[in-house]
Amino acid sequence: MLKTTVLVRALQLAFSAAALTAFVSPTAFAQSNASGNIVGRVDSPVGASVLLSNTETGLKRTVSVDASGRYQATALPAGHYRVDLLRDGKAVQSNEVDVIIGQGVDASFAGGAIQQVQVNARRSRIDVSSANNGATFSARELAALPIEQSVSSIIQLAPNTTRADPRYAAGASFGGGGASENAYYVNGFPVTNPLTQLGASELPFGAIAQAQVLTGGFGAEFGRSVGGVVNITTKSGTNNWEAGAQLSIEPSSLRAKAKDVYFARTGDPANASTDGTLFARNGLTRESETRGGAYVGGPLVEDKLFMFAAVEQIKHKRNGVSGTSDAIDNDSVGWLDRKDTTTRYMGKLDWNISDSHRLEFTTLGDKPETDRSYSDYDYATGAHSGVVQSGGHYESIANITPTTGAKTNILKYTGNLTDDLTVTALVGKNKTEHIQSLLNYPATVPGISAAPSAQAPGFTYNNPQPFVGQRLGEPYSYDEVKSQRFDIEYKLGAHTLRAGLDNNKLSSAGAGEATAGGYTWVYGHSDTPTEATTLNGTQGVIIANGGGLGPQGYYVYRSIFSDITAAYSDQSAQYLEDRWQVSKNLLVTLGIRDEQYKNRNGDGVAFLKIDKQINPRVAAAWDVNGDSTLKVYGSAGRYSIQIPTHVAIRGASRSTLTREYFTYTGVGADGQPLGLQNLTGVTSSDNEFGQAKLFQTVSAQNIKPSFQDEVTLGFEQALSPSLNVGAKVTYRNLRSTIDDYCDGRPFNAYADAHGIDRSNWGGFTCASINPGETNDFLVDYAGTGKDFTKVTLSAADMGFDKATRVYKAIDLFAEHPLRDGWYGKVNYTWSRSKGNTEGQTLSAVAQTDVAATQTWDHREIMEYASGLLPNDREHQIKAFGFWEFVPQWSVGGNFLAASGQPETCLGNYPTALQTAGFPDYGSAYHYCNGPSGANVPSPQGSAGRLPWDVRLDMDLVYKPNFLKGLAIKIDVFNVFNKQTVQQIDQTYNTDTGSISPTYGTPGPFVGYTQGRSAKFTVEYNHRF
């Protein structure tokens, strides 16, 4: 249920008056930014009106002109419009403009006494009706640019965006934000991945009409984002039947050889056998892709009912070495033959019930599938038999399939009830089905993991578990989103008043993962077995005392992980906004947004609830010259982000994360240790032993929302019809965040200080908190499940500084609008992202526990945590455009030059600083570069930067006159084949304190950017 407020009651009344009962089902209400506006001025406004006609669908709308000569028409479908100035019912002047989603396009009339039709096709590139930051791309621009056909590629065209860590399944960083902090919409419906908020489901690329990338300054109608917003509208049918098809091939023969990866030189004698040697053989990889698509659209009833349908299938094949040179199971899973198939469709029906009422239905499908076949590979000889030993079929599995898709159905109504009153409503539902069927998976056979340095001489460490080290999900699980939204707009003099509400229900069934085979045996070695060490929180362990191979430093531990459960989240929001035309040249927008959400565990019980996220926003746009040639604009606002359903999986439901350490005397034929002698009992750094978690105890009782404040100020100017320039400054300050806290020591200390008996308490696991602030907890010291003790811990009690993330940026751009046969734009961004938290994600280790990372688990992790953050890119240059240099031929380019990512060194916590109960996380602390057990401070972002990422993509297009509609295109990506390091291992130590052999080593298969490749495309489009 939506929170009952005066606003809700008013909107409920308006909703019922609009007679939308046909749409009311528990399934989203429309984002008004799925449409656009036409605004303008008229000289001599007395007796004038303006007629808007969509030249493609016949939709007509007449609007009045106010006494100052201004007019505006809102909630218009994107498309091409003829704008007629009417006097005495006759057109005396005309303009033609393109409506762009989320923007206003100017169609002003001067010299109103002229009694003739003057068609003006000028399209102003400066939108003086908003202070939004970002960029909008049309289908024509996207087709002309040499980019990969994906939403993530569109995002990277916009300023203030950068790629997230490549180990994340999806996502991008907007304005220094985490990869999970963005919102994605298609035709107004939220398609963000509900489980993790990493990425979103997509649609056929050719079905995109316009893509808007908002990087800041967006109004109160948008929420649930402290990063950015991706807002896509689809193509629709028109009064002309049209059809087309496209086929592209990206052959392996024209793909550059991928770089092999070599172990970094650590200088540690323990790594003498690996330093500088081959780590991952990528040069044998063969990769190809084919993409085919088709569409058809047209009128079912002219001027009334239209249809558009598009399909697309992408087949990507990749085969090559999948194991690293130090892996012990290359004889079974060292080679991978992989086939990815992504099938997408989009269908749309548009019904102009009348010129004042429109109905749209959209259906989307996005089904990514992957088939994997593993076989053997021998690094020493290069032998590969091709005999398949394991594998599987996967659908919408993060980090395995290309993306995570969904099936989506959307129904939207737009009603221009009067000249001044407009309502929009949308209901929808999407569902993601996760499927995996594994080949030759021995479900009860443990995996064996043994790095070369951890293997005792004379023993063979076989691994019979082909899925060793993997955390596997259920064979079938799903995520579902049901959403409702309603918006109303009323023009009252110089004010355009808007209000809206939405209600989203998210659910995930069978979510989570468990260790393949039930558990994994992980072998290790210590260079100092006679010295006391800490193993997963157990202090004072002397490995040599365990007997067996212990005196030589060899040990093993059994690792178990499981957190499979269901999860739910209820989200709602309301907003009010006033777009106030203070004067003919100054528009001020005042808005306020209130968001609520509650996350529920596998039993459906709410464990984290946010009642109020009040987000005030103000923006101003000044049309300095009054002719849309110079805009000065600015915005200030608060933005908040919810917690994904994933947090319930491990944070509020049963979970197991344990290690049990042993010495051993030998190794069996199956790789399992023999002659075990316990060094520790069953340990858990987070007290995760599979016990039930009380919903009252897994979140701070006074928890506040995650929110960020933002200020922007900029200008845009059309210096001439051929040149626009602009500049903007951005300041973002993360004021509060939510993450989990897993340190039981302050709770033990509180009980001891207050004489509370702890003997019946199972101990503290983890709870969601506001890091760096005072948090109130309920603790079940009595062990009854109902007699709770309130414990208040200050930031000092928990050992934390305030959570900080500050992003500053200066953007400059120059743009040549599409004119004289060419279009071009250059963006330069200087930015700085500093603080002690990345946000909801942790790129240093690519942790996917969104909003439940290890960042704030205990105080020692946060020592020296302040510095340059992973999404900092000090300099970025982005340039793109296209040029028809002779008739029938055009060339396009897309250039990127970006500073490298700052790196962090995470090592073991110094032994001398460890206190009783220290929850050892291994190589997770900002201490490095010291001898075993004596690392020295290494602040966040102080371990250097990765190299600059420099890339040029180009295309050449031939459109022959002898067959109109035919286009032949070649794209060359990464023309100069600059394969740049984009990710390295930032963990410095092994469990026992020696330097990790992979520290500083690029990721084995994603550590470098993709090399040069070429794509050939043939496309045919026909209008009947």
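**Figure 1. Disulfides in the predicted model.** The count of disulfides in this predicted model comes to 2. A disulfide is a covalent bond between the sulfur atoms of two cysteines. One of the links joins Cys742 to Cys766. Another joins Cys905 to Cys928. With the bonded cysteines of the protein chain numbered in sequence order, the pairing reads 1-2, 3-4.

**Figure 2. Close-up of the disulfide between Cys742 and Cys766**. The two sulfur atoms lie 2.0 Å apart. The link is right-handed, with 115° about the S-S bond. The pair connects distant parts of the chain, 24 residues apart. Cys742 sits in the loop between strand 45 (739-741) and helix 6 (745-753). Cys766 sits in the loop between helix 6 and strand 46 (767-769). Both Cys742 and Cys766 are buried.

**Figure 3. Close-up of the disulfide between Cys905 and Cys928**. Here too the S to S distance is 2.0 Å. The link of Cys905 and Cys928 is left-handed, with -100° about the S-S bond. Cys905 lies in the loop between strand 53 (889-898) and strand 54 (927-928), and Cys928 lies in strand 54 itself, so the bond ties together parts that are 23 residues apart in sequence. Is Cys905 buried or exposed? Its relative accessibility is 1%, so Cys905 counts as buried. Cys928 has a relative accessible area of 0%, so Cys928 is buried as well.

**Figure 4. A salt bridge between strand 20 and strand 19**. The structure holds 49 salt bridges. One of them pairs Arg318 with Glu287. Their closest N and O atoms are 3.7 Å apart. Arg318 belongs to strand 20 (residues 305-321) and Glu287 to strand 19 (residues 286-301), so the pair ties together parts that are 31 residues apart in sequence. How covered are the two residues? Arg318 is partly exposed, with a relative accessible area of 24%. Glu287 has 10% relative accessibility and therefore counts as buried, the cut-off being under 20%.

**Figure 5. A network of salt bridges around Asp487 and Arg485**. The side chains of Asp487 and Arg485 meet in a salt bridge, with 2.8 Å from N to O. Both Asp487 and Arg485 are buried. Which residues are linked in the network? Its members are Arg224, Arg485, Asp487, Asp502, Arg593 and Glu595.

**Figure 6. A salt bridge between strand 43 and strand 38**. Asp709 forms a salt bridge with Arg638. The closest N and O atoms are 2.7 Å apart. Asp709 lies in strand 43 (residues 706-720) and Arg638 in strand 38 (residues 630-641), so this pair ties together parts that are 71 residues apart in sequence. Asp709 has a relative accessible area of 17% and is buried. Arg638, at 24%, is partly exposed.

**Figure 7. An open sheet of 3 strands**. The strand order is 4-1-7, and the pairing is mixed. Which strands form the edges? They are strand 4 (70-76) and strand 7 (104-106), and each pairs on one side only. The twist averages 20° from one strand to the next. Strand 1 (residues 36-41) and strand 7 run parallel, paired over 3 bridges. Within this pairing, Ile38 has Val105 of strand 7 as its bridge partner.

**Figure 8. Strand 24 and its pairing partners, strand 22 and strand 25**. Strand 24 (residues 407-416) is mostly covered, with 7 of its 10 residues buried. Strand 22 (residues 357-375) pairs with strand 24 in the antiparallel sense, over 9 bridges. In this pairing, Leu364 stands opposite Thr408 of strand 24. Strand 25 (residues 421-439) also runs antiparallel to strand 24, and 10 bridges join the two. Thr414 has Thr424 of strand 25 as its bridge partner. How many residues lie between strand 24 and strand 25 in their hairpin? There are 4 residues between them. In a regular strand the side chains alternate between the two faces of the sheet.

Technical notes. Residues numbered from 1 in each chain as written. Predicted model: local features only at pLDDT ≥ 70, side-chain atom pairs only at ≥ 80, totals over all residues. Heavy atoms only, no water. Disulfide = S-S within 2.5 Å. Buried < 20%, exposed > 50% of the residue type's maximum accessible area, 1.4 Å probe, protein only. Salt bridge = Lys/Arg side-chain N within 4 Å of Asp/Glu carboxyl O. Pairing = 2+ DSSP bridges. Axes fitted to C-alpha atoms, helices over the stretch in contact; angles between N-to-C directions.
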